[in-house]
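The exercises below ask you to read a protein structure step by step, and each task is followed by a worked solution. Keep the structure in view while you work, and try each task before you read on.

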Amino acid sequence: MAFRLVSLRRTRFTAGALVRGLIATALVASIGWGGALYAANQSVQGAKKTEDAGFDGDAPTAILIEASSGSVLFEKNADELRAPSSMMKLMTAEVIFNAVKKGDIKLTDEYRISENAWRRGGAPSGGSTMFAAINSKVSVDDLLHGAIIQSGNDACIALAEAMAGNERIFAADFMTKRARELGLVKSTFANSNGLPDPGNKMTVRELGILARHIILDFPEFYKLFGEKEFTWNKIRQPNRNPLLNSMEGADGLKTGYTKEGGYGMVGSAVQNGTRLIVVVNGLDDPEDRATEARKMLEWGFRNFETRTLMAAEQPVGYAKVFGGESRSVKLVAKTPVKVMVHKNGSDKLIARIVYSGPVRAPVEAGQRVGVVKVWRSGNIAVETPVYAAEAVGTGSTMRRAIDGASELVIGMFRAGAEKL
């Protein structure tokens, strides 16, 4: 297995990128499978999103993620916006989870089922519902059970109306705002439940990121996704996730279907201590959806294993500092940088530190500087933030003048080169 490490910074003075080599010796010991290491001084082009040669996926859009590291094992049209259907309920659930965690609401709070929630999402609607009675009051806890296990549209509408007054405001001021805070930059929402609307769009990548966030940050709520049935208003309904009864270790998350989006699923399972997350969308048949998700998860468990590239707090490189008492600052990751690799050792790994720089002094210890990105066989496998390992104070007036002149010359040189 080959591993190549380069560093890339973006200068303030030009739109171009300046590439700098990283310390290779710090990584040699950590690459335990004996792969060769090369320090490179050329730019690495952005990875092309293609199917993994080892897997033949039938879903129009799909992604497979290792939950702990966020490493992407497979992707296909992962950034294509599609109707997420009921998978969008994950965003509504996250908003409620977060509000409970912050203390803004309590699980015991009771919300009224309005005529709108009952008519558009309840028994008269003909869609998925928890069968909440009109004008009844239902606790937040029970509404979450209804939304997650029974995919109740009425439960989602009731939550949205109680939080924001109506669904449109909830979608804009709660779902969209929270999505952007989580780094979901493409997702758009028009209602709380994924019922057909041109404004409901998500990618499988962002659905996977959202699922990973729920799993890691709300373990006490994530257990709801694995409950196999829920009874409300004397009506017992099974969980709609077909993986729960057909795959070892499966415990979440959500299915979805609309005519516009097709059949989709966000699923997750744990085997031998490794958790994988799969998202598929755009399939024509519910059985194909279940088969495709299970097949992808089984392929991931069978063919991949976790490797640690860099230990937590281990130096991974340096960033150039502008106007500091030191001309560079050592960078570390606060958590281990891990990536899932093929067990047969056929992967080619390329790591690159990306930061906007030079970093202006003073620099505080622990200050976030950029990210280390790892590509596996042409696809981005994992991104991990990197931080300043030490403080760098402001340098002398002479040092700041020299650094300013140096950056100006580099900027002028690059501007001229780009015109050639």
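**Exercise 1. Find the residues with the most contacts inside the largest nonpolar core, and name the elements that contribute to this core.**

Solution. The model is a predicted one, and its largest nonpolar core has 59 residues, among which F97, L143 and V266 have the most contacts inside the core. The next step is to ask which elements give two or more residues to this core: they are strand 4 (61-66), helix 2 (89-102), helix 4 (140-148), helix 5 (153-164), helix 6 (167-181), helix 7 (204-217), helix 8 (219-222) and strand 12 (274-283). As a last step, look for a further core, and you will find a second, separate one of 26 residues, which includes V329, V337, V374 and V382.

**Exercise 2. List the residues that L143 touches, leaving out those up to four places away in sequence.**

Solution. Once those sequence neighbours are set aside, L143 touches Y111, I113 and M130, and it also touches V138, A155, A158 and L159. Two residues are in contact here when heavy atoms lie within 4.5 Å.

**Exercise 3. Describe the protein as a whole through its secondary structure, burial and contacts.**

Solution. Begin with the secondary structure, which comes to 10 helices and 20 strands. Then turn to burial: of the 420 residues in the protein, 54% are buried. The protein exposes about 18000 Å², and carbon and sulfur atoms supply 50% of that area. Finally, consider the contacts with a separation of 6 or more, of which 66% are between residues 24 or more positions apart.

**Exercise 4. Work out how strand 10 is placed and how it pairs with strand 11.**

Solution. Strand 10 covers residues 250-258, and it is mostly covered, since seven of its nine residues are buried. Its partner, strand 11 (residues 262-271), pairs with strand 10 in the antiparallel sense over eight bridges. Between the two strands there are three residues, and together the strands form a hairpin. To fix the register at one point, note that L253 stands opposite G267 in strand 11.

**Exercise 5. Examine three salt bridges, and decide for their residues whether they are buried or partly exposed.**

Solution. Side chains of opposite charge can pair when their charged atoms come close. The structure holds 15 salt bridges, and the steps below take three of them in turn. For the burial of each residue, recall that buried means under 20% relative accessible area and exposed over 50%, with partly exposed in between.

- In the first pair, R119 forms a salt bridge with E115, and their closest N and O atoms are 2.9 Å apart. The two residues are separated by about one helical turn, because they are four residues apart in helix 3 (residues 115-121). R119 counts as partly exposed because its relative accessibility is 45%, and E115, with 44%, is partly exposed as well.
- In the second pair, the side chains of E181 and R178 meet at 3.0 Å, N to O. Both residues lie in helix 6, three residues apart, which is about one turn of the helix. R178 has a relative accessible area of 15%, so this residue is buried.
- In the third pair, the side chains of R307 and E305 meet at 2.8 Å, N to O. R307 is partly exposed at 27%, and E305 is partly exposed at 27% too.

To finish, look for salt bridges that share partners: such bridges join D58, E292 and K295 into one network.

How values were computed
Residues are numbered from 1 along each chain as its sequence is written. This is a predicted model: local features need pLDDT of at least 70, side-chain atom pairs count only at pLDDT 80 or more; totals for chains, interfaces and linings use all residues. Side-chain values use heavy atoms; hydrogens and water are left out. Buried means under 20% relative accessible area, exposed over 50%, partly exposed in between (1.4 Å probe, protein chains only). Accessible areas come from the Shrake-Rupley method with a 1.4 Å probe; for residues, only the protein chains shown count as cover. Two strands pair if DSSP finds at least two bridges between them. A nonpolar core is a set of buried Ala, Val, Leu, Ile, Met, Phe, Trp, Tyr and Cys residues joined through side-chain atoms within 4.5 Å. A salt bridge is a side-chain nitrogen of Lys or Arg within 4 Å of a carboxyl oxygen of Asp or Glu.
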